[in-house]
Amino acid sequence: MHRLYSLALGATAAALTLTASSASAASLTRQPYLQRVGPDTATIAFRLDASCVPSVRYGTNGLTDQSAQSASSSRNHAIVLNGLQPGTEYTYLVDACGARTNPVRFSTAPVPGTRRVHFTAVGDFGMNNANQRNVANAMLARKPELFLMLGDNAYDAGTEAEFQNNLFVPMAPLLSQVPFFAVPGNHEYVTNKGQPYFDNLYLPTSKSGGEYYYSFDWGHVHFVAIDSNCAIGLSSTDRCTLAAQKKWVEEDLAASTAPWKVVFFHHPPWSSGEHGSQLLMRREFTPLFEKHGVDLVLTGHDHHYERTHPMKGTSVAPSNTRQPVYLVVGSGGASLRPLEGSKPSWAALRNDKDHGYLDVTVEDGTLSAQVLTPSGKTLDSFTLTKELPPLEAEPEQPGPSEPSGPPGTEQPGPTPPSTPNPDPVTGNPGLPTGPDDSENLDPNSPPGCSAGPAMALFPMGAWVLAGVLRRRRRR
Ligand SMILES: [Fe+2]
């Protein structure tokens, strides 16, 4: 064959190959899920049935006029969108080499410090059953800004196939529209110490722990994710250790200036369910939570819902003090387990009859929490309050009809707080009624003391300062 003819044929063949490749649309075998969402970034992960180089088309105001392309040809993709606007709704779709998904929407994290955050949380759901789907769809209907997975996200052993079939398929509508942050459960650790969990999720990282433990801010809430499997010795020591994680947790909490702190992991320090309290987690971590002002600790593992009174050490905290409240929200889809015996003295409320999820709004100095069933029944409701400093003053911009003054001077009339709620704790604030805690770590310490509703009521006098400062609400 003549050499020039051969080259021409080769070029033609290459062009045909490229055309065929670009025209060969792939379909999604895993719908997109939102990872590592922050004020200016989001990662869109998904899986194709064939390798190609897909892109994500996205934009604001319902448009998808921007595009980000994957860096390589493969079946699994995680495309990072950068340069996003905080607190903004984006529409996006996946262009899988010619085949496009239906557009869906999500919102970026708000401007750091924003004093309103809405999130949901639940664990023990990865079953691919109706209970899981009902809980997930109910959460989606609440339109939270983010969702915390509390572990046992893919039963029974956290295999690759179980992540696909028991997490990504049944929860696809939720995961494509609500950013989620996860911790692993013991069931994820059954397979290669959680490796499929780490392979499939794109989580924030910490310097010492990678994706095992991490933290992030969303608005004015600081979230800390702990790997309790690692803490109780289920991980390889070359990957994650209790000592390193504990050191990091202390340093992270100490460094945070956020007014609200929420910690989440799988094994509960306080539970009266089948598994009971995880005493190592209680001994090693709860002193750090108390020392550094953690407000709420979210766990799963036991398949029911339970809330403690505010706890200090191994006892219910004295009244008029503010200490962490511990929740077990293992009611996401797996079979519920009946609670045996009477309610312990440290438990404020527990439920073993209904699947449901936690829905929390943290606005200014008030954290309002509800536990809801898919049908909308409220299983629990409580409120935590604290005094927050007034928002920083905004320099005055004199207008034509306004008298000029030094920066920071106030316009006539104070702006009242939006939702000052003086109630310390509502819901089930009853005094401890059950037997003493049989798992008390310190046999010399008194059993659950006579605390009753033990959340502090803080004066709201600081709000008066709003009268001399021009408050600017950041949403
Ligand atoms: Fe578990």
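Colleague: How many bridges join β6 to strand β7, and in which sense do the two strands run, parallel or antiparallel?

Modeller: This is a predicted model. In it, β6 and strand β7 (residues 99-100) run antiparallel and are joined by two bridges. One pair to locate is Ala 96, which stands opposite Ala 99 in β7.

Colleague: What should I look for between the strands of this hairpin?

Modeller: Look at the link and its backbone angles. The hairpin of β6 and β7 has two residues between the strands, and Cys 97 takes a positive phi near 60°.

Colleague: Which other strands pair with β6?

Modeller: Strand β3 (residues 55-59) runs antiparallel to β6, with five bridges joining the two. Within that pairing, Ser 55 has Asp 95 of β6 as its bridge partner. Strand β8 (residues 104-107) also pairs with β6 in the antiparallel sense, over four bridges. Here Arg 105 in β8 stands opposite Thr 91.

Colleague: Which side chains of β6 are buried, and which are not?

Modeller: Follow the side chains one by one along the strand. In β6 (residues 89-96) they alternate: Tyr 90, Tyr 92, Val 94 and Ala 96 point to one face and are buried. Glu 89, Thr 91, Leu 93 and Asp 95 point to the other face and are not buried.

Colleague: How is strand β16 placed, with its faces covered or uncovered?

Modeller: Both faces of β16 (residues 305-308) are covered. Tyr 305 and Arg 307 lie on one side, Glu 306 and Thr 308 on the other, and all four are buried. As for partners, β16 pairs with strand β19 (residues 325-329) in the antiparallel sense over three bridges, and Val 329 in β19 is the bridge partner of Tyr 305. Strand β20 (residues 347-351) runs antiparallel to β16 as well, joined to it by four bridges; in that pairing, Glu 306 has Arg 350 as its partner.

Colleague: How does one read a whole sheet, and what is the strand order of the open sheet of six strands?

Modeller: One lists the strands by neighbour. The order is β11-β10-β9-β21-β22-β23, and the pairing is mixed. Each of the edge strands, β11 (180-182) and β23 (378-385), has a single partner strand, so one side of each is left without a neighbour in the sheet. On average, neighbouring strands of this sheet are turned by 20° against each other, direction ignored. At one edge, β23 and strand β22 (residues 366-372) run antiparallel and share seven bridges, with Leu 372 opposite Thr 378 in β23.

Colleague: Which strands of the sheet does helix α2 touch?

Modeller: Helix α2 (residues 130-142) packs on the sheet and touches β9 (116-122), β10 (146-149), β21 (357-363) and β22. The direction of α2 makes about 20° with that of β21.

Colleague: At what angle do helix α7 and helix α8 cross?

Modeller: For two helices, compare the directions of their axes. The axes of α7 (residues 242-255) and α8 (residues 279-291) come within 10 Å and cross at roughly 10°. Angles under 35 degrees count as roughly parallel, and therefore α7 is roughly parallel to α8. Leu 242, Lys 246, Val 249, Glu 250 and Leu 253 of α7 make the contact with Glu 284, Phe 285 and Leu 288 of α8. By type, five residues of this contact are nonpolar, three are charged and none is polar.

Colleague: What describes the protein chain overall?

Modeller: The protein chain has eight helices and 23 strands. Of its 475 residues, 44% count as buried. Among contacts between residues at least 6 apart in sequence, 74% join residues at least 24 apart.

Methods: Residues are numbered from 1 along each chain as its sequence is written. This is a predicted model: local features need pLDDT of at least 70, side-chain atom pairs count only at pLDDT 80 or more; totals for chains, interfaces and linings use all residues. A residue is buried if 20 or more other C-beta atoms lie within 10 Å of its own, exposed if 12 or fewer, and partly exposed in between; C-beta atoms are placed from the backbone. Two strands pair if DSSP finds at least two bridges between them. Axes are lines fitted to C-alpha atoms, for helices over the stretch in contact, and angles run from 0 to 180 degrees between N-to-C directions. Angles under 35 degrees count as roughly parallel, over 145 as roughly antiparallel, 65 to 115 as roughly perpendicular and the rest as oblique. Two residues are in contact if their C-beta atoms, placed from the backbone, lie within 7 Å. Ala, Val, Leu, Ile, Met, Phe, Trp, Tyr, Cys and Pro count as nonpolar, Asp, Glu, Lys and Arg as charged, and the others, Gly among them, as polar.
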